[in-house]
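I opened this entry to look up how some of the helices and strands are placed against each other. The notes below follow the order in which I went through them.

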Amino acid sequence: MGQRVARESIGQKSAGNREEVQFCVFSTASGWLGLAGRNGRVCGLMLGHADRQTVIDQAASMYGDSWRQSDWAPELAARLQAYFHGAVDDFADIKLDLPESTAFQVAVRKAVRAIPYGQTATYAEIARRAGTPRAARGVGGVMASNRIPILIPCHRVVASGGRLGGFSAPRGVDLKRWLLEREAEGLADVAGSPCE
């Protein structure tokens, strides 16, 4: 479980390239969001903040002097805004720039990215899908360190018995519940639309 693997295994940028992070900030239906990228790949997403300055302060804390504000991903920003308004989008096509990871971390992230929009999976189910059925707590650790929520949809990972489990974004479990309810509404809208 502790063995390091190359990041290309789930479409991430290879290790070692520490170019400047580009960062854009915009408002969504769930609050202010910060989107960080390096070499055209997403390396961070901060969501649910009360104001723009809080997002900028968090970026400064996370990236130090190696970031700058820019409009680096306008199409993705528009898709994210639409998602927070109920648009169905799994973001499966978005390339990620993740830190060097263990085989377990890669497998967990891949399993979480495969949870369909509007559905959930338990920590134990993700552990099984990642090939380590007894590592539900380890899944929780990977989710707690997830820097790219929504694109790695950790809000869809829930505790057994229907409990929501944790969520480390601002507003915590309330935001997780809101995201899951918004996705359920999005699916209902798609199911209710007439075919042409």
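I began with the helix pair in this predicted model, and found that α3 and α5 pack at an angle of about 80°, their axes lying 10 Å apart. Since angles of 65 to 115 degrees count as roughly perpendicular, I noted α3 as roughly perpendicular to α5. I then listed the residues that make the contact: α3 contributes Phe-104, Gln-105, Val-108, Arg-109 and Val-112, while α5 contributes Gly-138, Val-139, Val-142 and Met-143. Sorted by class, the residues of this contact of α3 with α5 come out as 6 nonpolar, 2 polar and 1 charged.

Next I asked which residues of α5, the helix of residues 136–144, are buried. I found these to be Val-139, Val-142 and Met-143. Looking down the axis of α5, I saw that its buried residues fall within an arc of 100°, so they line one face of the helix. On the other side of α5 I recorded Arg-137 and Ala-144 as exposed. For the cover over the buried residues of α5, I noted that it includes α3 (103–113), α4 (123–129) and β8 (157–158).

I turned last to the strands, where β3 (residues 31–38) and β4 run antiparallel and are joined by 6 bridges. Within this pair, I noted that Gly-37 stands opposite Val-42 in β4. The two strands, β3 and β4, form a hairpin with 2 residues between them, and for Asn-39 in the turn I wrote down a positive phi of about 55°. I also checked the burial of β4 (residues 41–49), which is mostly covered, with 8 of its 9 residues buried.

Technical notes:
Residues are numbered from 1 along each chain as its sequence is written. This is a predicted model: local features need pLDDT of at least 70, side-chain atom pairs count only at pLDDT 80 or more; totals for chains, interfaces and linings use all residues. Side-chain values use heavy atoms; hydrogens and water are left out. Buried means under 20% relative accessible area, exposed over 50%, partly exposed in between (1.4 Å probe, protein chains only). Helices (H or I, at least four residues) and strands (E, at least two) are DSSP runs, numbered from the N terminus. The arc is that of the directions from the helix axis to the C-beta atoms. Contact means heavy atoms within 4.5 Å. Two strands pair if DSSP finds at least two bridges between them. Axes are lines fitted to C-alpha atoms, for helices over the stretch in contact, and angles run from 0 to 180 degrees between N-to-C directions. Angles under 35 degrees count as roughly parallel, over 145 as roughly antiparallel, 65 to 115 as roughly perpendicular and the rest as oblique. Ala, Val, Leu, Ile, Met, Phe, Trp, Tyr, Cys and Pro count as nonpolar, Asp, Glu, Lys and Arg as charged, and the others, Gly among them, as polar.
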